[in-house]
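Student: I should like to understand how the terms used for a protein model are justified. Please set each value against its definition.

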Amino acid sequence: MPSISMFIPTVAALAVAALPSFADTLAAPTGPVLLTVSGDLEHTSAGAEAGTVVLDLEILKSLETRSFTTSTIWLEGDITFTGVSLRDILDYAGARGGSVSAVASNDYKVDIPLDSLEPHAPVVAYLLDGAQMSARGKGPLWLVYPYDDDAKYRTEVAYSRSIWQLNRIEAATQ
């Protein structure tokens, strides 16, 4: 006859599985929302619609910061960009599927396959040469690549994905 101690791990696992998952709810922004991620997501920001993650500057700054200096085809000289890799933002939101659409405030939209993302590129920059970017200065968020680091970042595809005034990311459904 089996002892009760044999069933305790199974009962405990069932009890934990029945609890609501609070890990799927992310912090609500306290400042102005700079970026909205929606679509096929594992997480939701507190107070947001299901499948929506909203990020303000403080939330972005709480993620791993990446900086690089590069030239661009849009500005003169070498520029230092600071922000968060797109991969890290999508991981934070729990994006699933094979691609995302990055959308600017003027509705310019480009699809980006998730398998083309690298841990360090592209970056959703919120600082340009150490200063926050205004909407007139291609901000407040600009999706950029370290163009000078590799020829693959100096292509029409990379340039077309370099969206300034980025404000939305839509994760495609699986």
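Tutor: Let us begin with one pair: Glu170 forms a salt bridge with Lys109, their closest N and O atoms being 3.3 Å apart. The model is predicted, so local features need pLDDT of at least 70 and side-chain atom pairs count only at pLDDT 80 or more, while totals for chains, interfaces and linings use all residues. Residues are numbered from 1 along each chain as its sequence is written, and side-chain values use heavy atoms, with hydrogens and water left out.

Student: Why is the contact of Glu170 with Lys109 called a salt bridge?

Tutor: The term requires a side-chain nitrogen of Lys or Arg within 4 Å of a carboxyl oxygen of Asp or Glu. The closest N and O atoms of Lys109 and Glu170 are 3.3 Å apart, and therefore the pair qualifies.

Student: Where in the chain do Glu170 and Lys109 lie?

Tutor: Glu170 belongs to strand β12 (residues 166–171) and Lys109 to strand β8 (residues 109–113), so the pair links distant parts of the chain, 61 residues apart. Helices (H or I, at least four residues) and strands (E, at least two) are DSSP runs, numbered from the N terminus. Asp107, Lys109, Arg168 and Glu170 are linked in a network of salt bridges.

Student: How do you know whether Glu170 is buried or exposed?

Tutor: Buried means under 20% relative accessible area, exposed over 50%, and partly exposed in between (1.4 Å probe, protein chains only). Glu170 has 26% relative accessibility and therefore counts as partly exposed. Lys109, at 47%, is also partly exposed.

Student: How many salt bridges are there by this rule?

Tutor: The count comes to eight. Among them is that of Asp40 and Arg96, with 3.0 Å from N to O. Asp40 lies in the loop between β2 (35–39) and β3 (44–45), and Arg96 in the loop between α3 (86–93) and β7 (99–104), so this pair ties together parts that are 56 residues apart in sequence.

Student: What makes Asp40 buried?

Tutor: Its relative accessible area is 14%, and buried means under 20%, so Asp40 meets the condition. Arg96, at 30%, counts as partly exposed.

Student: What can be said of the salt bridge between Lys152 and Glu118?

Tutor: The closest N and O atoms of Lys152 and Glu118 are 2.7 Å apart. Lys152 is in the loop between β11 (142–144) and α4 (156–161), Glu118 in the loop between β8 and β9 (123–128), and 34 residues separate them. Glu118 is buried at 18%, whereas Lys152 is partly exposed at 44%.

Student: Which strands form the open sheet, and in what order?

Tutor: The order is β4-β2-β12-β7-β8, and the pairing of these five strands is mixed. Two strands pair if DSSP finds at least two bridges between them.

Student: Why do β4 and β8 stand at the edges?

Tutor: β4 (52–55) and β8 each have a single partner strand, so one side of each is left without a neighbour in the sheet.

Student: How do you know that β2 and β12 pair?

Tutor: Four bridges join β2 to β12, and at least two are required, so the strands pair. The two run parallel. Thr36 has Arg168, in β12, as its bridge partner.
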